[in-house]
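Thanks, everyone. I have one structure to go through this morning, in two parts: the ligand and then the helix packing.

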Amino acid sequence: MTKSLAGRVALVTGASSGIGEAAAIALAQAGADVAISARRADRLAQLASKIEALGQKTLALPGDVVDEKLATEAVEKTIAHFGKIDILINSAGIMHMGMMEAADMAEYRRVMDVNLMGTVYTSKAAIKPMKAQGHGDIVNISSQAGRKTGPMVGAYAASKHALNAMSDSLRQEVGGHGIRVCVLMPGATTTEVADSLSDPNFRAAIKSHVTKDGAVAASEIADAIVFVVSQPQRVNIDLISVRPTADTTA
Ligand code: NDP
């Protein structure tokens, strides 16, 4: 039986762990060849073996998405290697917590750089080739913090609100060229995201939040990603929220 994404080429950022890693595996299971990017080359090598074991081709592209040149090159190298890019999943991201009055401005800026600008760099690089082929999928991993906020998550929520706005603006620019843009907003999902927090107390709190009973599995977010990119070309699922059933917040 032909797999649903057979013949498609994907690039996944933030592929060394969590949602990005699960997405890379799910895309490969659905038949796509998958280029994978993140800073930890050792983790990418492990993932590459898993993708190859599924019978798909892969390309590891270690690099920091904050570096515009490296982020752009990740797209360019995917195309140079596989001949095209059909699907771009932007999952590279970090968390941040803390009161603004005590905030480290370098950390604050880095949240914006990774969560917003990293996604802008790869998306910008993908537009021209996707336009030329008349189709493409860009899926940006946002957060529930992309549509609401609270105390101590100003940097993170601002980065995700900005990501949502940037993504929908891009959707309006490129939909006429056959390119679909989707914002996916996960709720608590069991990943390594807590490790990106520098404050040990906040790190422990977020770790317990994302590993609690009933948290969504990264593979379940990945299933939603495959669902989004498997729609008929005329259908753009532009916004999707996936969170624990027990999350009864507004
Ligand atoms: P993980 O920490 O498991 O994954 C984050 C990924 O981003 C890693 O592969 C990491 O790789 C990569 N990354 C971080 N900084 C950079 C950088 N500067 N350059 C390149 N890659 C980078 O967490 P998640 O899978 O949970 O996070 C994925 C996305 O999901 C994030 O955008 C996060 O905000 C979002 N999200 C997660 C939720 C959750 O509950 N887990 C809830 C809502 C949203 P490396 O360190 O090797 O570079």
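Start with the ligand, keeping in mind that this is a predicted model. The ligand is surrounded by 31 residues, and the closest are S16, I19, R39, Y156 and T191. Now some polar contacts. S16 places a polar side-chain atom 2.7 Å from a ligand oxygen atom. A polar backbone atom of G14 sits 3.0 Å from an oxygen atom of the ligand. For G93, a backbone N or O atom is 3.4 Å from a ligand oxygen atom.

On to the helices. How do α4 and α5 cross? Helix α4 covers residues 105-133 and helix α5 residues 154-174; their axes come within 8 Å and cross at roughly 15°. Angles under 35 degrees count as roughly parallel, so α4 is roughly parallel to α5. The crossing is right-handed. On the α4 side the contact includes Y108, V111, M112 and L116, and on the α5 side it includes Y156, A158, L163 and M166. By class, that contact of α4 with α5 has 14 nonpolar, 5 polar and 1 charged residues. Y156, then, appears twice: among the residues closest to the ligand, and in the contact of α5 with α4.

The other helix pair is α3, residues 68-82, with α4. Their axes come within 8 Å and cross at roughly 35°, and this crossing is right-handed. E68, A71, T72, V75 and I79 of α3 meet Y121, T122, A125, A126 and P129 of α4. Those residues divide into 7 nonpolar, 2 polar and 1 charged.

That is what I have; I'll take questions.

Conventions:
Residues numbered from 1 in each chain as written. Predicted model: local features only at pLDDT ≥ 70, side-chain atom pairs only at ≥ 80, totals over all residues. Heavy atoms only, no water. Axes fitted to C-alpha atoms, helices over the stretch in contact; angles between N-to-C directions. Helix = DSSP H or I, 4+ residues; strand = E, 2+ residues; numbered from the N terminus. Parallel < 35°, antiparallel > 145°, perpendicular 65-115°, else oblique. Left-handed = near helix turned anticlockwise from the far one by under 90°. Contact = heavy atoms within 4.5 Å. Nonpolar A, V, L, I, M, F, W, Y, C, P; charged D, E, K, R; others polar. Near = heavy atom within 4 Å. Polar contact = N/O pair within 3.5 Å; in protein donor to acceptor, adjacent residues only side chain to side chain.
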